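Student: I'd like to learn how to read helices in a structure. Can we go through some together?
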Amino acid sequence: MRNRLRWLANLFQLFIKELRSIKADPIMLVLVLYAFTLAVYSVSTSASTELKNLAVAVVDEDDSQLSRKIISALQPPIFQEAVKISAREADMALNEGRYVFVLDIPPNFERDVLADRPAELQVEIDATAIVFAGNGSVALQNVIANEISEFRYGGGLASTAPVNLVMRSAFNPNLNSVWFGALMQVMNNITMLTLILSGAALIRERERGTVEHLLVMPVGAGQIVLAKILANGLVIVVAAILSLVVVVHLLLSVPIQGSVLLFLLGTTIYTLSIASMGILVATFSTSMAQFGLLAIPVLIVLNLLSGGMTPMESMPVWLRYAMQTLTTTPHFVSFTQAVLFRGGGFSLVWQYLLIFVGFGGVYFALSLMRFRSAVLKG
Amino acid sequence: MMEAVARLEGVTHRYGKRLAVDALNLAIPAGCMAGLIGPDGVGKSTVLALLAGVRKLQAGSVQVLGGNMAEKRFRDEASPRIAYMPQGLGRNLYPTLTVFENLDFFARLFGQGASERQARIHDLLTATGLDPFPDRPAGKLSGGMKQKLSLCCALIHDPDFLILDEPTTGVDPLSRQQFWDLIDTIRGRRPQMSVIVATAYMEEAERFDWLAAMDDGKLIAVGSPDEVRGRAGKASLEEAFIALLPEEKRRGYQSVVVPPRVVAPDEIPAIEAEGLTCRFGNFTAVDNVSFCISKGEIFGFLGSNGCGKSTTMKMLTGLITPTEGWTKLFGQSLVGNEMEIKQNVGYMSQSFSLYTELTVRQNLDLHAHLFHIPAGEIDARIQEMLTSYDLTEVADALPDSLPLGMRQRLQLAVAVIHRPSILILDEPTSGVDPVARDSFWRTLIGLARDDGVTIFISTHFMNEAARCDRISLMHAGKVFAVGTPEELAERRGKPTLEDAFVSYLKEASGIPEDAPASTAAEKAAVETALSPAHAAPMRQRHFDPGRLWAYARRETMELLRDRIRLWFALFGPVILMITFGYGISFDVENLTFAAFDQDKTQQSRQLLEKFSASRYFSERPDIGSSAELQNRLKSGEVNIAIEIPSGYGRDLKAGRQPEVSVTVDGSMPFRAETAKGYVTGLATGYASELMRQSGQSVPAISIETRFRYNQAFKSVNAMVPSVIMLMLVLIPAIMSAIGIVREKETGSIANFHSTPISKAEFLLGKQLPYIGVSLVSAAVLFLLAVFLFQLSLKGSFSLFALGTLLYLIATTGFGQLVSTFTRSQVAAVVATAIISIVPAVNFSGLIIPVSSLTGMGRAFGLAFPPAWYQPISVGAFTKGLGWGDLWPNMLALGGFCILFFVLSLLLLRKQDA
């Protein structure tokens with residue numbers, strides 16, 4: 001009993017020491033602060049997949065009232081003002097990537113429309129602009145079809161359809177990409193910074209030789225590793241929750257649908273598992289530079305292949321399974337989306353919490369094993 | 001007055017605010033062995049670096065070999081005549097290169113031909129006794145051998161002025177003696193050569209012809225050793241040095257007296273070790289070491305760097321588990337009683353290993369707590385330590401701001417705060433000045449004699465060893481003698497401990513006792529090595545491809561032997577390419593939908609069939625209630641919920657425009673947007689079909705969309721070429737930046753400063769290997785694109801290949817540019833990654849098409865190579881373009897290659913600041 005208390009007392013001392021070390025590293029603190037404030041703000045507001053400012057060229061071979069009406073309907077913010085070009089220029093313009101869309105309005109188009117004769121508009125799309133080509137072409141077609149319908153029947157498309165299709169978007173009615181981007185950014189930062197912070201904490205001690213110093217004292221490897229995981233995890237969890245409430249909710253006015261407490265619980269467990277992973281990566285490197293080289297690919301893989309960027313179902317099956325069985329991050333992304341986007345409650349997400357605990361345990365055990373063999377022996 | 005080889009006048013040098021050299025005037029006599037003595041941090045290294053021309057002169061003048069070192073032209077001319085060996089064991093060597101490869105590199109830098117190199121290297125290796133190990137990596141040599149190799153590297157070009165900065169620190173006495181004998185022999189052969197040596201060992205300085213003693217950037221004495229001793233009226237140089245220090249430094253100094261030890265009989269030994277052996281793989285670091293140390297004894301542990309001392313100490317403290325053998329502390333085995341025993345041990349390691357981010361007091365506090373000093377006593381104990389170790393004034397300062405001597409006191413205070421009965425100290429005094437060292441020893445002796453603490457200490461200083469009760473001598477993993485200092489000297493019949501140690505070492509290394517340090521054969525080799533026939537006239541060329549090649553060759557060898565860097569260079573792009581290729585997909589497929597069909601008529605089923613038939617959607621079981629609809633959307637199980645009201649079929653037939661509501665999960669906006677597009681398209685088709693069925697006129701207008709370049713509209717076709725763009729900037733730039741900054745960190749950058757290599761040769765030589773490695777990874781990326789992602793190259797291959805080459809030259813050049821203003825590898829990695837990722841990801845068409853960028857963003861993109869390479873990669877792969885379309889991009893890339901090179905050339909400094 002006394003031994004157990006002493007063990008805990010030393011863990012607490014080391015935990016305090018870790019916190020002091022973090023406090024004394026201004027660069028890391030600035031990085032954490034930047035990542036959870038400015039970066040969340042700027043990345044979520046600028047890098048969006050929302051249709052914006054698309055460049056359209058029109059080859060107007062009709063030059064009629066209708067064709068001009070269509071051209072003038074292409075307006076910001078989705079489109080740039082359409083530019084008229086000649087048929088000969090079209091290929092060149094697409095090759096050079098000057099426009100994403102080239103709309104061709106054939107001669108006598110207006111006349112054919114008025115006479116209800118079949119007529120065909122052509123849209124050439126630069127499909128290398130993969131993000132905007134698909135949704136952009138749908139938007140473009142909608143605008144054109146609406147204009148034609150109004151011109152011909154005096155009303156929009158809806159008035160003529162046999163069925164009234166009402167489409168709604170749940171959880172994000174206007175499909176505002178900031179809502180998504182901001183939360184994903186917070187999640188990515190949690191993963192990235194926890195891994196860097198905990199790994200760097202171990203490397204710092206290895207580089208300075210203080211690990212040895214600790215181990216000569218009545219302190220075990222388990223306490224050293226655990227103290228790092230807890231202290232660095234705590235810092236990140238606090239920063240993440242502040243970022244969520246202050247930057248995402250108050251500043252960017254993103255509504256938070258679910259329970260922040262539930263998110264806090266899940267994030268805490270997840271963060272501890274990633275901190276263990278950081279220690280694990282750090283045991284494979286002897287210097288901060290090596291750690292950097294190892295961590296960069298790991299972080300990019302975690303951030304891109306976990307469903308935060310691209311839905312998991314769009315990835316090849318083998319890759320999806322590999323990610324889900326080897327790393328926690330895909331589960332964390334699902335957990336966050338369920339809780340914060342869709343307002344899922346404990347009954348919907350409890351299994352994620354178990355997964356985090358499982359992964360955390362495995363990473364911790366592995367990092368402890370590696371710590372003993374790599375750090376102590378060499 | 002003798003003729004001077006070098007003369008300093010009014011030289012002052014600062015590092016930031018710290019004054020390192022203070023208005024120094026000094027003339028160093030030519031053709032002799034000159035010494036610069038004083039402890040660490042008094043400005044010795046700065047003076048030598050200024051003499052060698054590797055540091056930029058700040059104020060005053062430096063004349064070397066009759067010329068002004070402030071002039072670049074003279075420095076270029078003089079650099080082949082000067083040899084500089086920087087401080088630190090093998091610091092200018094390349095640890096992964098073998099002995100031969102290291103020498104070969106230096107020989108190439110001095111423009112020697114193949115046969116000349118062979119001959120010289122052979123001679124030098126024979127002369128230094130390194131000839132049995134030409135293929136051993138420099139990093140695996142012992143300290144003494146490293147220093148000999150460093151010396152060989154310095155001597156490879158027959159310098160006229162040899163500058164050695166603490167060449168023997170951390171080297172065992174035999175190697176030290178061999179080293180000096182070697183220098184003597186060389187000087188005998190080449191009397192015109194001048195040598196200046198800095199050293200912290202006062203005993204060594206006795207053999208110099210002339211010496212200058214420094215303290216705090218100033219001279220405190222100049223002259224022959226006899227003159228210096230005579231002036232202070234002391235018998236040894238060490239005492240003389242202390243006597244010559246300014247008054248305030250000597251205050252409180254007392255010489256160290258060791259009171260005799262009272263031995264208590266029949267006590268349990270404090271430390272007992274039996275047959276300790278430690279192997280790392282094939283290498284036996286410690287071989288069958290045993291000793292028995294009684295309570296209160298000061299036990300000295302002597303041996304060279306890398307002989308197994310530290311490993312033995314780590315085994316005693318339980319840091320390393322011995323491969324064989326056992327240790328008992330106070331009769332208790334280390335195994336199983338670890339925590340209890342640790343409570344009784346204090347440890348202080350070689351380098352300063354306390355937390356620099358914690359204050360003095362916090363460091364003491366942490367240790368007091370970790371050793372479970374009762375909470376009520378902690379404050380008093382900390383106060384006691386602060387007072388008795390003279391740290392009260394700096395209690396709240398950070399350790400980094402303290403002088404070395406004070407930091408050592410802090411380390412000792414921390415090591416004894418819990419009143420341990422055993423202290424294990426690993427070279428606690430290296431680099432500390434003599435006054436501080438002696439006061440440190442007085443504390444140690446007090447602990448041993450007054451408090452009965454057993455002290456196990458390793459040291460390089462013989463005068464410290466002489467103060468121990470007993471010492472053990474260790475070499476190459478074996479302890480070959482244990483006894484009191486007097487006994488050991490007596491046993492070998494030598495006057496001093498040092499001589500005895502050397503004699504033991506000779507025996508251990510199989511050198512006959514009476515043999516001179518260097519054999520006749522070695523002397524002969526020195527003779528040939530330095531004979532004029534070898535000394536080919538030095539060709540000084542402005543740009544020498546040979547020197548460039550020397551650097552390129554060496555960098556390649558180092559890179560190929562560094563597993564982590566090579567892994568990053570070759571596999572990094574592959575892993576990331578796969579990640580990006582699959583990870584950034586904008587293909588939206590497999591959207592799950594479920595219907596809440598309250599109508600269940602033929603008409604409603606007809607509508608739902610449209611969904612099931614689409615390849616974008618996959619059907620899930622029907623929904624039974626509104627609550628279920630909400631829940632299943634929430635859980636993410638269903639992406640799209642379709643609600644068909646009752647009476648749908650009836651209303652449809654009646655032409656009453658029944659309402660169908662479709663709810664899309666909006667949590668991922670892009671997916672939702674695309675899903676809505678699919679639903680709209682599907683609904684339009686459905687509507688036309690209905691209208692046709694009911695005989696209504698259907699608008700005859702169709703909008704044909706043609707997806708150019710990528711008919712299947714697959715993400716990979718567009719993403720993969722852009723990802724190649726991203727990979728080939730990120731990784732080559734980071735690699736080449738590290739390539740240079742690494743040398744700054746390890747110290748081998750000194751070779752760039754001190755040898756005749758020019759900036760252009762250096763930059764290009766260091767760039768070539770990275771271009772080569774990057775070309776390999778570019779080829780792998782190309783193959784991945786073709787075979788894994790099934791892309792075909794539609795455009796010109798020659799365009800793609802040449803464009804990629806230019807791009808790689810530009811991006812590696814960019815890394816070099818970053819390396820000119822970063823100092824640590826971490827900073828280089830972070831800075832390069834950020835500076836290259838931002839324009840490559842945001843402003844080069846990776847996600848947002850360049851045509852949608854406006855003003856600043858576009859301009860920012862165009863200021864970096866990725867925006868110019870992306871059209872080449874995408875053009876060649878997806879768009880099928882050729883030279884006619886893309887020649888301006890090629891020109892721009894070529895421009896970047898030149899621009900980055902020129903900028904690096906301007907920013908790179910041949911001299912240190």
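Student: Which residues are exposed on the other side of helix 8 of chain B?

Tutor: Asp226(B) and Gly230(B) are exposed there. Exposed means that 12 or fewer other C-beta atoms lie within 10 Å of a residue's own, buried means 20 or more, and partly exposed is in between, with C-beta atoms placed from the backbone. Helices are DSSP runs of H or I with at least four residues, strands are runs of E with at least two, and both are numbered from the N terminus. One caution: this is a predicted model, where local features need pLDDT of at least 70 and side-chain atom pairs count only at pLDDT 80 or more, while totals for chains, interfaces and linings use all residues. Residues are numbered from 1 along each chain as its sequence is written, and chains are lettered from A and ligands numbered from 1 in the order in which they are written.

Student: And which residues of helix 8 of chain B are buried?

Tutor: First, the general idea: an α-helix has 3.6 residues a turn, so residues three or four places apart point the same way. In helix 8 of chain B (residues 225-232), the buried ones are Pro225(B), Val228(B), Arg229(B) and Ala232(B). They cover an arc of only 95° around the axis, so they sit on the same side of the helix; the arc is that of the directions from the helix axis to the C-beta atoms.

Student: What covers the buried residues of helix 8 of chain B?

Tutor: The cover includes helix 7 (202-205), strand 9 (210-215), strand 10 (218-223) and helix 9 (237-244) of chain B. Right after helix 8 of chain B comes Gly233(B), with a positive phi near 70°.

Student: How do I read two helices that cross?

Tutor: Fit axes to C-alpha atoms over the stretch in contact, and take the angle between N-to-C directions, from 0 to 180 degrees. The axes of helix 7 (residues 177-208) and helix 10 (residues 260-282) of chain A come within 7 Å and cross at roughly 45°. That makes the two helices of chain A oblique, since angles under 35 degrees count as roughly parallel, over 145 as roughly antiparallel, 65 to 115 as roughly perpendicular and the rest as oblique.

Student: Where is Asp438(B) found, and is it buried or exposed?

Tutor: Asp438(B) is in helix 16 (residues 434-451) of chain B. It counts as buried because it has 20 C-beta neighbours inside 10 Å. Leaving aside neighbours within four places in sequence, Asp438(B) is in contact (C-beta atoms within 7 Å) with Tyr253(B), Ser255(B) and Val256(B).

How values were computed:
Contact = placed C-beta atoms within 7 Å.
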